[in-house]
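The following note sets out several points on the strands and on one pocket of this entry. Please read it alongside the sequence and the coordinates.

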Amino acid sequence: ETAKKMASVDPTTSGDSDLQQPSKKALKKQAKEAEKAKRKAEVQAKLAAEAETRQLDDISKDLYGILPTIKSQEKTGRKWTTLKELDEKLVSQKVLIRGRVHNARGTGKQCFIVVRQRWYTVQAIVAVSDLISKQMVKFATDLNRESIVDIEGVVTAAPEVIKSCTQSKIEIKVEKLYVVSQSLPVLPFQLEDAMRPDNDQEGVHVNQDTRLDNRIIDTRTLTNQAIFSVEAGVCRLFRDYLTNNGFTEIHTPKIICAASEGGANVFQLSYFKNNAYLAQSPQLYKQMAIAGDFEKVFTVGAVFRAEDSNTHRHLCEFVGLDLEMAFNEHYHEVLEVIGGMFCYIFKHLQHEYSEEIATIYKQHPAEPFKFVEPALILTYEEGVRMLRENGIEMGDEEDLSTPNEKFLGKLVKEKYDTDFYILDKYPLAVRPFYTMPDPTDPKKSNSYDMFMRGEEILSGAQRIHDPDLLTERSKEHGIDVSKIKDYIDSFRYGAPPHGGGGIGLERVVMLYLGLHNIRKTSLFPRDPKRLAP
């Protein structure tokens, strides 16, 4: 009987009916939302209709817009002009340029766009006319900074010098404007802030970590484009000088079986079933090339140092400019070549990169780099004496500390009016195992360092080419001779006396330009705290 009663219960009349039927309040809310959605749809339809009408009325609708993604669909044969080429000679001529929107500023019926291409900038004007519509001016005004655009227009003489642009005497009257690649509307930082002069105390500055975290934006600044152009120049001039002096460029292994410089500052890695190391320098292979009758060699490549040094001048990976050469009688033959090479580089940087250097100095003011020809050479003993005469206490076989290096550089500049000099005859105790001892004083060596603005940029020496002496020196430095057997054996079949040096590219550029941090001259720096990007 109970079962029948339960079966006869109508669920629509159960106590749960309130949960299944919307309340009056809910029904009212639904109606309100439906009405809101209807009004929104009507507004959108109206705006779309107005936009369509404007488009139909837009006399410039085919002269601007966002291009489809370039997928190498066609070859038009159009002539492109670089911003560097834009000058008064092109006035009244039509040009086609591509660049980034550095900024866009609308003022009523016209818009001023500063277009940037590397460190060159030009002003382009979009103004309402018989051919240019208000819609086109608005499109230009709304361009996101850093977007890439194509502009076709006529070069005109600027009514007055445009101080904010490198191409300051001309501007472009825009006839066509197309976006090739849009940037996001919000940037990690503004390029104007990233280019603010160091001595500007009022404006916003972008800190080093923010720059490096967003390096692809940071490298777009005019200053950074100029810095890395100068850096490329140093590399090219290094190659040119040595090639013209009979050197051969070689390429050496970066994964090696033993620490090339000895010591603990080496990266160890697994190499199948064995251990290997990242090369601290190409030293051993340069010398083996000399033993292989190359006579004069140089190489440009990555160098790795596992130094936990978070200083303004140290990196865990840098670009090494290394050279090695055989000589006939005295290692000073090598010294003179290297000194001459640096003077060649400095001289050509002054003449060939004056624009870039001026751009860099606008943001990072510095005293122009000074040098003398031939390069000044002092002995280590003379350097120590100069320091002692000025109140610095240090031993005869003690290496120069960083503060003493800088102080000595200051003393040399005051006395000889040069930012570049060579310090010869270092104590043997502070040099690598392959350095040739001095023939008359066992405490000295046939080695040298070179300095710019009081900081070391090259370390070099005559190398030991006698296998027995090399073996002895290796053991004294605690090196497992079995791991460098190939290197030592390369001198057992006759090897000429030779010497050379290793240079850090980023440090040279930093010091030549008077910058204060090596991370400014390393495209993607690697230090103990940074492994990305």
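**Notes on strand pairing and a pocket**

1. In this predicted model, Ser270 is positioned opposite Asn275 of strand S10. The pairing to which S10 (residues 274–278) and S9 contribute is antiparallel and comprises 4 bridges.

2. These two strands belong to an open sheet of 3 strands, ordered S8-S10-S9, with antiparallel pairing. Its edges are formed by strand S8 (255–256) and strand S9 (268–271), each of which pairs on one side only.

3. Strand S2 takes part in two antiparallel pairings. With strand S5 (residues 148–157), S2 forms 7 bridges, and Arg98 has Asp150 of S5 as its bridge partner. With strand S3 (residues 110–117), S2 likewise forms 7 bridges in the antiparallel sense; here Asn103 stands opposite Val114 of S3.

4. The hairpin of S2 and S3 has 2 residues between the strands, and Gly108 adopts a positive phi near 70 degrees in this hairpin.

5. The second largest pocket encloses about 620 Å³ of space. Its lining consists of 21 residues, and those nearest the centre are Lys163, Ser164, Thr166, Leu222 and Lys362. By class, 8 of the lining residues are nonpolar, 8 are polar and 5 are charged.

6. Which elements each supply at least two residues of this lining? They are strand S2 (94–107), strand S4 (120–127), helix H8 (222–244) and helix H11 (354–363). The largest share, 5 residues, is contributed by H11. Strand S2 thus appears both in the pairings with S5 and S3 and in the lining of the second largest pocket.

Key: Residues numbered from 1 in each chain as written. Predicted model: local features only at pLDDT ≥ 70, side-chain atom pairs only at ≥ 80, totals over all residues. Heavy atoms only, no water. Pairing = 2+ DSSP bridges. 1 Å grid on protein atoms, 1.4 Å probe; cavity = no way out; pocket = protein on both sides within 12 Å on 5 of 7 lines; lining within 4 Å. Points joined across faces, edges and corners; volume = space filled by probe spheres on them. Nonpolar A, V, L, I, M, F, W, Y, C, P; charged D, E, K, R; others polar.
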